[in-house]
Amino acid sequence: YLIMWKSSRLIVRLINFLNLPKMHKKMATKDKLFELLSSNADEFISGQIIADELKLSRNSIWKGITSLKKDGYIIESKPHIGYRLAGESNLLSKEIIIKDLRVPCTVEVHNTVTSTNDMAKKKAMSHKPIVLIANRQSNGRGRLGRSFESPGGTGLYLTIALKPGFSLEKSLYVTMAAAVSVCRAIEKVCDRNPQINGKNPQIKWVNDIFIENKKVCGILTEAQTNFETGQIDSLIIGIGVNCFPGNLPNELKEIAGSISEKTGSFSRNRLAAEIINETLKSLDRIEDKSFLTEYKSRCFILGHEIKVHPQYDKSGIPAKALDIAEDGGLIVEYIDGTKKGETETLHTGEISIRLTR
Ligand code: BTN
């Protein structure tokens with residue numbers, strides 16, 4: 001009777017799985033496998049059932065499982081029984097994330113996407129935010145046309161997309177408010193976790209989050225605007241967080257860090273939920289600029305010497321970071337070059353800055 005009851009539950013889940021949108025047909029083997037295993041989380045599924053349902057050879061299944069393991073998923077296999085997705089803390093799950101949400105929004109969780117920002121641009125936007133979350137990105141994008149390394153299993157790649165009620169001039173504030181929100185979310189998740197407490201996330205203007213002198217998060221905000229009304233049709237806030245040490249290229253290892261050195265020491269699901277809660281709360285209050293004081297106190301470059309890099313200027317101009325202006329710009333005083341002694345307010349998009357160590 002128990003076996004019949006268990007099999008009927010499995011059949012119901014398989015039916016649910018098969019009712020998922022047609023996009024499964026175009027998905028990579030490992031993503032199809034991930035959908036099947038995660039819709040049956042905690043239960044073993046036999047290799048034969050997987051092979052029949054996904055119309056795959058046993059060899060392709062084995063390759064897909066190996067690839068998911070490389071993405072950081074913990075998959076148990078038992079001879080003659082099958083495969084099971086385990087390790088809740090390291091598995092991104094929509095069900096777990098929405099349990100911790102305190103704000104209305106629609107959430108989608110994917111294993112691999114090209115870029116959550118690009119995916120968001122194809123969605124029909126409404127005032128109810130859509131949140132797209134991925135375990136891995138194959139074409140993650142950063143600021144100034146750069147790419148953003150997005151390895152699986154160790155990071156969190158998340159885009160919040162919505163049609164906001166405010167105008168274009170507020171868009172610089174959005175990135176700043178999101179940066180403060182991510183810092184708060186990191187602190188909440190680390191708080192009272194003996195393995196990682198005491199983390200002090202700080203901001204490098206305008207949108208990089210650092211812990212212990214290494215970048216752990218970048219934010220790319222994009223907007224589609226309506227020229228006639230001056231309103232933003234869609235606002236796309238892409239947040240990439242290195243949670244645990246990941247498979248990054250050597251040239252990034254010097255500058256990129258992670259929130260925790262110990263993989264699985266906190267739940268990426270909880271962090272995703274807190275980032276969504278804090279960011280949407282801040283966006284609701286963007287007009288009153290209440291995030292600005294906290295932004296300044298977390299912005300560790302103020303008072304320090306930096307290098308201002310106008311686009312395509314590799315050498316950079318030495319300057320001192322003085323303050324954050326009311327409009328969110330960075331006020332600097334040049335200490336060398338043709339503008340020596342002059343102050344200027346820099347705005348995002350035009351420049352990047354580097355710390356002088
Ligand atoms: C940067 O540091 O230059 C910004 C990085 C932004 C990365 C995030 S990850 C989620 C979203 N999708 C993307 O392709 N980019 C953003």
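How many salt bridges does the count come to in this structure? The count comes to 21 salt bridges. The model is a predicted one, and the tour below proceeds from one of these pairs to two backbone features and then to the ligand.

**First stop: a salt bridge**

Select arginine 102 and glutamate 274 and display their side chains, which meet in a salt bridge with an N to O distance of 3.2 Å. Colouring the chain by position helps here, for the pair links distant parts of the chain, 172 residues apart. Arginine 102 belongs to the loop between α5 (94–99) and β3 (106–113), while glutamate 274 is part of helix α9, residues 268–284.

**Second stop: the backbone at 205–206 and at 213**

Next, select tryptophan 205 and valine 206 and show the backbone atoms. The peptide bond that joins these two residues is cis, with omega at about 5°. Valine 206 is placed in the loop between β6 (202–204) and β7 (208–211).

Move on to asparagine 213, which is found in the loop between β7 and β8. Asparagine 213 is not a glycine, yet its phi is positive, at about 65°.

**Third stop: the ligand and its shell**

Now centre the view on the ligand, which sits in the largest pocket. Select the 19 residues around the ligand; those that come nearest are Ser115, Gln137, Arg141, Arg143 and Lys215.

Which classes of residue make up the shell around the ligand? Coloured by class, the shell shows five nonpolar, ten polar and four charged residues.

Switch to a cartoon to see which elements contribute. At least two residues of the shell come from each of α6 (116–121), β5 (155–162), β8 (214–226) and β9 (231–242). The strand β8 gives the most, with four residues.

**Fourth stop: polar atoms at the ligand**

Three distances are worth displaying in turn:

- Serine 115: a polar atom of its side chain lies 2.8 Å from an oxygen atom of the ligand.
- Glutamine 137: an N or O atom in its side chain is 3.0 Å from a nitrogen atom of the ligand.
- Arginine 141: here the backbone should be shown, where a polar atom is 2.7 Å from a nitrogen atom of the ligand.

Finally, draw the surface of the ligand. Taken alone, the ligand exposes 410 Å², and the protein buries 97% of that area.

Conventions. Residues numbered from 1 in each chain as written. Predicted model: local features only at pLDDT ≥ 70, side-chain atom pairs only at ≥ 80, totals over all residues. Heavy atoms only, no water. Near = heavy atom within 4 Å. Polar contact = N/O pair within 3.5 Å; in protein donor to acceptor, adjacent residues only side chain to side chain. Areas by Shrake-Rupley, 256 points an atom, 1.4 Å probe, with all protein chains shown as cover. 1 Å grid on protein atoms, 1.4 Å probe; cavity = no way out; pocket = protein on both sides within 12 Å on 5 of 7 lines; lining within 4 Å. Sits in = over half its atoms within 2 Å of the grid points. Nonpolar A, V, L, I, M, F, W, Y, C, P; charged D, E, K, R; others polar. Salt bridge = Lys/Arg side-chain N within 4 Å of Asp/Glu carboxyl O.
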